[in-house]
Structure formats: C-alpha cells, structure tokens
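Reader: Hello! I would like a close look at the surroundings of the ligand in this model, and then a walk outwards to whatever else is worth seeing. Could you take me through it in one connected answer?

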Amino acid sequence: MAKARAKPQEKQKQTKKVENHGERKLTEAQIAVHWKEEEYFQPSAKFIGQANLIDPAMVEKFSEKHFPECFREYAELLHWDQYWHTTLDTSEPPFWKWFVGGKLNACYNCVDRHLEKHKNKAALIFVPEPELESATVITYQELYRRVNEVAAMLRDFAKLKTGDRVTIHMPMIPELPITMLACARLGVVHSVVFGGFSGEACGMRAADSGSRVLIYADGYFRNGKWVDHKGSADIAVQTAEKEGQHIDKVLVWRRHSGKYNSESPMIMKRDYFVDEILKDYRGHIVEPVSMDAEAPLFLMYTSGTTGKPKGCQHRTGGYLAYVTGTSQYYQDIHPSDVYWCMADIGWITGHSYIVYGPMALAATSVLYEGVPQFPDAGRPWRIAERLDVNIFHTSPTAIRMLRKAGGDEPKKYNYHFKHMTTVGEPIEPEVWKWYHQVVGKGEAVIVDTWWQTETGGFLCTTKPALDPMKPGSAGPAALGIYPVIWDENGNEVTAGSGNAGNICIRNPWPGIMQTIWGDPQRFVNQYYKKYNKHPHSKDWRDWPYYAADGAVLPADGYYRILGRVDDVINVAGHRLGTKELESACLTISEIAEAAVVPVVDEVKGRVPEVYVSLKPGIPPSKAVQDKIMSTIETMIGKIARPKKIHMVPDMPKTRSGKIMRRVLAAISNNLDTGDITTLANPDIVAQIRELVQGRGVGPLKDGPEDIKRFGEET
Ligand code: WT7
C-alpha cells in the first residue's frame with residue numbers, strides 16, 4: 001500500500017479531492033467516515049541528521065518483490081549460533097515458519113553480546129514510585145550476573161527445563177525483566193500476567209499454559225500506596241489446582257530484599273524467597289541454550305471474542321528479529337540514548353519495546369514502578385529531566401491523563417525528547433498536538449504505532465525521519481507489511497473512498513504469533529478464516545491476517561485506525577473481552593443474563609458498562625450490584641471494573657433470542673439505536689433508555705465507528 005509516497009503538498013491536494021468526493025455507494029459493511037484531514041508535521045533536521053532509518057531505498061528493499069528475503073535485514077541485527085536455511089516456510093498455512101534452521105538465544109542477544117562494548121553502560125534504570133527512594137542503575141555487566149544467577153536457580157532449584165512454561169505475575173520492578181531473560185536463557189517459555197490482573201485470572205492462565213512454577217513479588221508501590229501482591233499467589237495456586245494444574249513452587253521476589261511485606265503467609269515447601277535461594281547460586285554462570293528459531297519464546301494471554309483469554313505464542317527468531325528491527329528503525333534507538341517506555345512489561349508493548357527490542361540494541365531502558373501522575377502530573381517530566389531521557393513511549397490514555405492533570409507541567413522541566421511514541425488506541429488530533437507541542441516541545445518526532453498482541457511488533461507507523469506525521473493517523477504500513485482494507489464481502493475498500501472497512505495484512509511477517517497455545521484451530525478461525533478463499537492453498541497470498549480493527553485509508557496512504565470491530569473493548573489501551581466480563585456476571589446466582597458494552601470515556605478512551613437482567617422474582621438491589629463489582633474484580637481484576645451497572649427488566653433481543661448488544665451500546669453512549677422494529681421486544685428499548693438516561697435527552701445521530709459497529713460480528 002501507500003506506493004506513492006507523495007510529497008506532503010501533493011498529499012494535501014489529493015485528500016482535498018477526496019473530501020469533495022460526491023455520493024458514495026455503500027455496501028452494508030462500509031460505513032462512510034467523515035473526519036477532517038489534518039495538516040502534516042515534519043521531523044526536524046536535527047532528528048533526521050542522526051536517525052537510523054534515513055535511506056529511502058529501504059522502502060523498495062522491503063517491497064513485495066523482495067518478500068520474504070527482505071526480512072533478512074532484521075534478522076541480521078542479531079547474533080545467530082547457526083544461520084537459517086529458509087527465510088519463510090509456508091508449507092503449513094497459516095502456521096508460518098521463519099528463519100528455519102537457524103539457532104539463537106534471545107537472552108544472549110539482549111545481554112551477553114553487549115558485554116564486549118557496553119558492559120559498564122546502564123541497561124536498566126529502575127525508578128521506584130516513592131520519589132525519595134533513589135533510582136537503581138543496573139549495568140549490562142550486572143544484568144549479566146543477575147540473569148545468570150536467576151537462570152541457575154530456575155534450572156537447578158525450580159527444576160525448569162527447556163520448553164517448560166512458567167507463569168510470572170509481577171509488578172514493574174527490575175526483577176521482572178531479569179526473570180524473563182533468565183527464562184529465555186534456558187529456553188523456558190515465560191507467560192507474564194499483568195500485575196493488575198487478579199490471582200484468579202493468573203491461576204487460569206497458569207493452568208492453561210501448564211505452568212508448575214509461579215513467580216511473584218511480595219508487593220509494590222502504586223499511587224502512593226503499598227499493594228500487597230503475594231496474596232494473589234495463593235488464589236492463583238488454588239485456581240490452577242481447581243483447573244487440574246498443580247503448582248509445586250511459588251518463587252517470591254521481595255521488593256526490599258530481606259524484608260517481607262505481605263499479610264499472606266509463606267507456605268512451607270511451596271513458597272520460597274528468591275533472594276534467599278539466590279545465595280546458593282552466587283556467581284553461577286549458565287550457558288545460554290541455543291534455541292531453534294521456531295522454538296516458542298513466550299506466551300502472552302490476551303482477550304478475544306470468547307470468555308477464555310488466548311495464549312498468543314511468540315517464536316524466538318522471527319519475533320526477536322522483528323522487534324529488534326522495528327526498535328532500530330521506528331524507535332530510533334541508539335546505544336547512547338536513554339529510552340523510556342511507560343507501558344507495563346505485563347503487556348505486549350513492554351515485552352517488545354521495553355525488554356526484547358531495546359535490549360537487543362543495548363539501549364538504556366528506564367523502568368518506572370508507579371503511575372505517571374504520582375505524586376503529581378510533573379513526575380514523568382522530572383524523571384525525564386533527571387535521567388536525560390530522550391526517547392519517550394506511552395499511550396493516548398496516559399497522554400490524556402497528564403494533559404488533564406497538568407497541561408503546562410512539561411514546560412517547567414528541562415528535558416528534551418528527540419522521539420516520542422503513541423500506541424494502543426486511536427489518539428485525538430487535539431491530544432496529539434498537545435503531545436507534540438507541549439510534551440515534545442515541538443522538537444520531538446512522533447510515531448503513532450498501530451499493532452496488536454498477536455502481531456509482535458508494529459504494523460503501521462510513519463518512518464520517523466522519512467515520513468511527515470499526521471495527527472490521529474498511524475500512517476503507512478511498516479516495512480515489509482502489506483495491508484489491505486476489505487468490506488464484509490471481501491471487496492477492497494480503496495484509498496480515498498472515504499469508507500471504512502476491516503484492515504487485514506496480506507502477508508506473513510516474522511513478528512506474527514505462531515499459534516494460540518493449545519488451540520491451533522482457534523488460531524486459524526480467529527485470524528485467517530474470514531478472508532481465506534482457498535483453505536488448501538500453500539500460497540501465503542491466500543492467507544490474509546484479519547486484525548479485527550476497523551480502518552479507513554485516505555489517498556495519501558496513511559491508515560487511520562478506528563478501533564475494534566469485535567467483542568473486545570480497548571480500555572485505556574488494554575484489551576478486555578466483553579465475554580469475560582459477561583461470564584463473570586453469570587457466575588452470580590441472581591443473574592439471568594448479562595451484556596457488556598463499551599462507553600466513550602474522556603480519559604480512558606472506552607470503559608465497560610454492564611447490563612444484567614435478574615432471575616424471576618429477584619428485585620434489583622445495591623447488594624446484587626456490589627456482588628457484580630466484586631466478582632469482576634476477583635475473576636478478572638480491578639482494570640475491568642465497569643463504569644456503571646444497569647439492572648434491566650429484559651434485554652433487547654432478536655427473534656432468535658440473541659441479545660442485541662449494539663442497541664445497548666447505542667443507549668449507553670446516547671446514540672440513535674437505528675431500526676429496532678425487527679426485535680422480538682422492541683418496547684424494551686425505550687424502557688431501558690429511560691432507565692439509563694432518564695427522560696428528555698434526545699439521542700445523537702452519530703458516534704464513533706467502533707461503538708456504532710459494536711456487536712455486529714456476533
Ligand atoms: C488493539 C490491540 C499495540 C500494542 C498494545 C495494545 C488498538 C493499538 C493503536 C493505534 C489506534 C490502536 C487496536 C488493536 N490499537 N495501537 N496506534 N491506533 N488503535 O495491544 O492489547 O493487543 O490491543 O489496540 O484496536 O486491535 P493489544
């Protein structure tokens with residue numbers, strides 16, 4: 001796509017033409033999208049002068065003509081113990097194999113190989129949330145030592161072997177990346193569960209992955225408070241056992257070495273303090289295990305259209321090559337930079353763009369424990385000033401929050417970013433401009449990177465020194481990625497048509513997940529079935545990847561991502577499956593039916609609202625409402641707390657009894673519900689609307705695409 005990288009002036013002319021484009025013929029699935037075309041912003045000469053990706057010929061090098069060999073360029077950034085013989089093996093679509101025959105170790109690539117040149121350079125700078133606690137610097141040399149000791153402990157004490165899975169439920173402390181790298185050293189597949197998920201959610205994931213070892217921390221600081229975390233390990237163990245998975249060891253890191261700070265008792269012969277066990281492994285060195293390029297590196301559970309989160313399985317060689325290449329070219333990381341990604345390592349952004357990509361490039365990476373606006377909205381800028389951070393990476397939600405809490409704060413601090421990223425949700429042009437002007441002081445280049453847990457790394461983004469930026473648009477496809485937008489019938493939605501459709505990637509790339517852990521059929525059905533015309537074809541061209549995002553493409557080739565078109569809600573850049581919340585509600589005995597819908601939120605983008613109908617004879621009550629809230633918190637975690645809970649007399653349903661979530665989403669967002677005459681119970685709609693909104697507020701005609709299309713797929 002985006003063949004013609006037209007000059008910005010030409011682009012503006014083209015898009016003007018599009019805006020004046022007369023009547024549009026819409027197929028059912030195509031929804032016309034109106035939005036104002038934004039002006040382009042140019043990267044500064046200073047940025048261009050030092051950038052990693054300055055050769056325009058790279059675009060041609062990564063064009064379809066050179067696929068898949070173009071990705072050698074990324075793989076060659078790594079150290080291979082043995083070179084691969086086949087760049088891409090397509091013999092078993094859509095289970096692609098990358099760099100087949102190659103052998104490497106991810107930990108060696110992120111740690112050992114930097115010792116020669118960078119051993120005394122900071123690898124990680126840990127910034128504790130309490131501002132009086134000073135930052136800790138871990139050099140590559142120290143990282144090497146610590147990772148080896150932990151690897152020795154995992155192998156010799158926890159008896160973990162290459163290929164075993166281990167579940168890690170830890171906050172943002174340096175011991176988290178250290179543990180991950182130690183796993184990678186042994187070829188042990190880590191599955192990191194975001195710290196904000198509940199013990200039960202962790203236990204379900206541990207059981208699904210077949211982990212018999214859990215790795216925890218006693219607690220951490222968040223928003224000025226100590227969070228006791230170890231208690232959730234006990235619940236995780238019980239949950240896993242209930243699911244038939246025995247946990248034989250829980251390894252507990254202490255936030256303050258030697259001092260245990262949790263109410264939860266240590267269970268004899270099950271729970272162990274890592275700092276105590278490590279004494280036996282002082283100075284141990286573990287040879288990195290040379291892994292097949294196709295060996296799994298980690299699992300990352302993410303929400304989908306069913307109640308059960310799926311374990312996205314990422315491979316060693318292709319994944320590491322892809323995140324290293326994209327960190328080099330799009331994050332513009334040089335070893336001399338100080339890079340700070342504010343995401344949590346418990347999400348894919350943290351895996352790819354805090355740990356594996358940046359560390360493979362010998363970056364200095366800042367790790368911040370707490371929330372950005374603690375104790376005030378100046379905190380991130382003080383950290384940036386003090387540590388001389390020059391690359392900054394965060395989400396629209398964090399940007400909106402910081403803007404709201406202290407729109408002028410950045411001006412008070414003397415830091416200078418050369419590069420900034422926004423990721424995870426669509427960003428409003430107004431917010432983008434604040435990010436650019438105030439946070440970036442008009443100096444920093446911005447990349448708006450669109451991608452997903454499944455995709456390993458960036459799919460759409462501008463090339464920071466080569467492409468102008470356009471607020472609110474992710475930009476053209478990343479190198480070697482060939483997207484297309486199709487409507488529901490598989491007709492291409494062409495650039496400049498002004499219509500929206502489903503964005504797909506026509507080709508495989510090295511960062512794409514291998515499969516869903518333990519459920520290959522779900523992998524095929526979820527991502528490849530929709531637009532596959534020849535299920536027996538061995539040609540990758542017949543297997544486009546379906547991303548489940550709506551998108552629109554103006555004539556300039558800059559993709560604008562509109563949001564999820566499935567049952568997933570993007571809350572503050574984090575994916576929540578509405579089915580997961582609904583299943584949690586249905587475990588409550590009083591509840592007959594449950595439906596969860598997204599609601600627009602000024603700061604978090606989208607938040608969930610819950611609709612329930614109660615069993616006959618049960619009146620709505622505060623008690624039931626509280627039960628719903630606490631059940632969601634226990635089964636999923638605090639991040640899934642609904643904004644509101646509505647107890648309704650009945651759900652709007654089709655004649656076949658399907659709950660019309662689209663209608664509920666319209667009501668929650670005060671939008672027009674459209675035609676409801678085909679419902680089995682159309683009268684309920686007005687009743688629910690009154691219950692939710694009261695009388696007198698007329699619904700709005702238009703709203704965001706993801707809300708309008710919500711529930712369409714089911
Ligand atoms: C969903 C994936 C990207 C890694 C972190 C989130 C949305 C992601 C953008 C962007 C608009 C975006 C999509 C996608 N999304 N980046 N730059 N602009 N929307 O990974 O939790 O798997 O979520 O986040 O809807 O499908 P994830």
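Author: Happily; what follows starts at the ligand and then moves on to other parts of the chain. Please keep in mind that this is a predicted model.

Let us begin with the shell. The ligand is surrounded by 17 residues, and the closest are D448, T449, T453, D549 and R564. Three elements each contribute at least two residues to this shell: helix 13 (348-360), strand 20 (445-449) and strand 25 (560-564).

For your purposes the polar atoms may be the best place to look. On the nitrogen side, a backbone N or O atom of G424 is 3.1 Å from a nitrogen atom of the ligand. On the oxygen side, a polar side-chain atom of Q452 lies 2.9 Å from an oxygen atom of the ligand, and N570 has a polar side-chain atom at 3.2 Å from an oxygen atom of the ligand. How much of the ligand's accessible area does the protein cover? On its own the ligand has 550 Å² of accessible area, and the protein covers 97% of that.

Helix 13, one of the elements supplying the shell, is also where Y353 is found. Is Y353 buried or exposed? Its relative accessibility is 0%, so Y353 counts as buried. The side chain of Y353 makes a polar contact with the side chain of T326, at 2.6 Å. If we leave aside neighbours within four places in sequence, the contacts of Y353 include V323, T326, S327 and Q331. Further along the chain, Y353 also touches H393, W451, G457 and F458, among others. To give you a sense of distance, the C-alpha atoms of Y353 and E690 are separated by 46 Å, with their positions 337 residues apart along the chain.

T453, one of the closest residues to the ligand, leads us to T302, since T453 is among the residues that T302 touches. T302 belongs to strand 14 (residues 296-302). The relative accessibility of T302 is 6%, so this residue counts as buried too. Besides T453, and not counting residues up to four places away in sequence, T302 touches P309, K310, C312, E454 and R575. With R575 there is a polar contact as well: the two side chains meet at 3.3 Å.

Now for the rings. A search of the whole structure turns up 47 aromatic pairs. One of them is Y83 with W84, a stacked pair with 4.5 Å centre to centre and 20 degrees between the planes. The two partners differ in exposure: Y83, at 47% relative accessibility, counts as partly exposed, whereas W84, at 5%, counts as buried. W340 and Y368 form an edge-to-face pair, at 6.1 Å centre to centre and with 85 degrees between the planes. Why does this pair tie together separate parts of the chain? W340 lies in strand 16 (residues 338-341) and Y368 in strand 17 (residues 364-368), so the pair links parts that are 28 residues apart in sequence. Here W340 counts as buried at 1% relative accessibility, and Y368 counts as buried at 6%.

Charged groups also sit over rings in this model. R205 lies over the face of F197, 4.5 Å from the ring centre. K249 takes up a place over the face of F157, at 5.3 Å from the ring centre.

Some backbone details are worth a check if you are preparing the model for your own calculations. A cis peptide bond joins F67 and P68, with omega about 0 degrees; P68 lies in the loop between helix 3 (57-61) and helix 4 (72-75). Another cis peptide bond runs from F374 to P375, where omega is near -5 degrees. P375 sits in the loop between strand 17 and helix 14 (379-387), and strand 17 is the element that holds Y368.

Positive phi values come next. N223, a residue other than glycine, has phi near 55 degrees, and its place is the loop between strand 9 (219-222) and strand 10 (225-228). At 46% relative accessibility, N223 counts as partly exposed. K441 is not a glycine either, yet its phi is positive, about 50 degrees. The loop that holds K441 runs between helix 16 (429-439) and strand 20, which brings us back to an element that supplies the ligand's shell. K441 counts as partly exposed, at 24% relative accessibility.

Note on methods: Residues are numbered from 1 along each chain as its sequence is written. This is a predicted model: local features need pLDDT of at least 70, side-chain atom pairs count only at pLDDT 80 or more; totals for chains, interfaces and linings use all residues. Side-chain values use heavy atoms; hydrogens and water are left out. Helices (H or I, at least four residues) and strands (E, at least two) are DSSP runs, numbered from the N terminus. Buried means under 20% relative accessible area, exposed over 50%, partly exposed in between (1.4 Å probe, protein chains only). A polar contact is a pair of N or O atoms within 3.5 Å; within protein, one must be able to donate a hydrogen and the other to accept it, and residues adjacent in sequence count only if both atoms are side-chain atoms. Contact means heavy atoms within 4.5 Å. Rings of Phe, Tyr and Trp (its six-membered ring) pair if their centres lie within 6.5 Å; planes under 30 degrees apart count as stacked, over 60 as edge-to-face and the rest as tilted. A charge sits over a ring if NZ of Lys or CZ of Arg is within 6 Å of the ring centre and within 35 degrees of the ring normal. A residue is near a molecule or strand if one of its heavy atoms lies within 4 Å of it. Accessible areas come from the Shrake-Rupley method with a 1.4 Å probe; for residues, only the protein chains shown count as cover.
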